[in-house]
Amino acid sequence: TGTLHGPAHKALSELLTPAGVGWSFQDGKLIALKETQVREGEAVVIREGDGMVGSPKMSLPKKPGETPSLHVRTLIDARIRAGGKISVQSKEINGVFRVEKLEHTGDFRGKDWYTDVIAKHL
């Protein structure tokens, strides 16, 4: 056993990253998942004509052998969670993806409220 010191987020990353485990706090709980794991539950459907904003896009991998990333924007949806599943249904891209990162944006005085998602194909 040993002692850790410093910011908790750095200590968690130092312990979990070498094991291929990512982590986040969601709804007051620590969520730790391997890169191949997804959270339990059904996929949140994002489709053209029903919440999707613009067209989804696939980006090239940063390193050889990596999976391309999906970038999709939808009207704000609190059901979408890091490590969860989304089902994208569009003319260009269809499939189930694991949410890697997401960002909810909006302005109390504005009309634009979005969820931007970066995901990997399952």
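In this predicted model, Asp116 forms a salt bridge with Arg73, and the closest N and O atoms of the pair are 2.7 Å apart. Asp116 belongs to strand β8 and Arg73 to strand β5, so the contact ties together parts that are 43 residues apart in sequence. Asp116 is partly exposed, with a relative accessible area of 22%, and Arg73 also counts as partly exposed, at 30% relative accessibility.

**Salt bridges**

The structure holds five salt bridges. Side chains of opposite charge can pair when their charged atoms come close. Three of the five are set out below, including the pair already described.

| Salt bridge | Closest N and O atoms |
|---|---|
| Asp116 and Arg73 | 2.7 Å |
| Arg79 and Asp77 | 2.7 Å |
| Arg98 and Glu100 | 3.0 Å |

The partners in the second and third rows can be described by their accessibility. Arg79 is exposed, with a relative accessible area of 54%, whereas its partner Asp77 is buried, at 13%. The bridge between Arg98 and Glu100 joins a residue that counts as buried, Arg98 at 9% relative accessibility, to one that counts as partly exposed, Glu100 at 32%. The value of 9% places Arg98 in the buried class because that class covers residues under 20% relative accessible area.

**The sheet**

Six strands form an open sheet, and their order is β3-β6-β7-β8-β5-β4, with mixed pairing. Its edge strands are β3 and β4 (52-59), each of which pairs on one side only. From one strand to the next, the twist averages 35°. Strands of a sheet pair through backbone hydrogen bonds, either parallel or antiparallel, and strand β6 takes part in both kinds of pairing here.

On one side, strand β6 (residues 85-89) pairs with strand β3 (residues 44-47) in the parallel sense, over four bridges. Within this pairing, Val45 stands opposite Ser87 in β6. On the other side, β6 runs antiparallel to strand β7 (residues 94-106), to which five bridges join it. Strands β6 and β7 form a hairpin with four residues between them. Two positions help to fix the register of this hairpin: Ile86 stands opposite Phe97 in β7, and Gln89 stands opposite Asn94 in β7.

**The nonpolar core**

In soluble globular proteins, nonpolar side chains tend to be buried together. The largest nonpolar core in this model has 13 residues, and those with the most contacts inside it are Leu70, Val72, Ile80, Ile86, Val88, Phe97 and Val117. Two or more residues of this core come from each of the elements β3, β5 (69-75), β6, β7 and β8 (113-121). Ile86 and Phe97, which stand opposite each other across the β6 and β7 pairing, are both among the residues with the most contacts inside the core.

Which residues does Ile80 touch, not counting residues up to four places away in sequence? They are Val44, Ile46, Thr74, Ile86, Val99, Leu102, His104, Thr115 and Val117. Of these contacts, Ile86 and Val117 are named with Ile80 among the residues with the most contacts inside the largest core.

Key:
Residues numbered from 1 in each chain as written. Predicted model: local features only at pLDDT ≥ 70, side-chain atom pairs only at ≥ 80, totals over all residues. Heavy atoms only, no water. Pairing = 2+ DSSP bridges. Axes fitted to C-alpha atoms, helices over the stretch in contact; angles between N-to-C directions. Core = buried A, V, L, I, M, F, W, Y, C linked by side-chain atoms within 4.5 Å. Buried < 20%, exposed > 50% of the residue type's maximum accessible area, 1.4 Å probe, protein only. Contact = heavy atoms within 4.5 Å. Salt bridge = Lys/Arg side-chain N within 4 Å of Asp/Glu carboxyl O.
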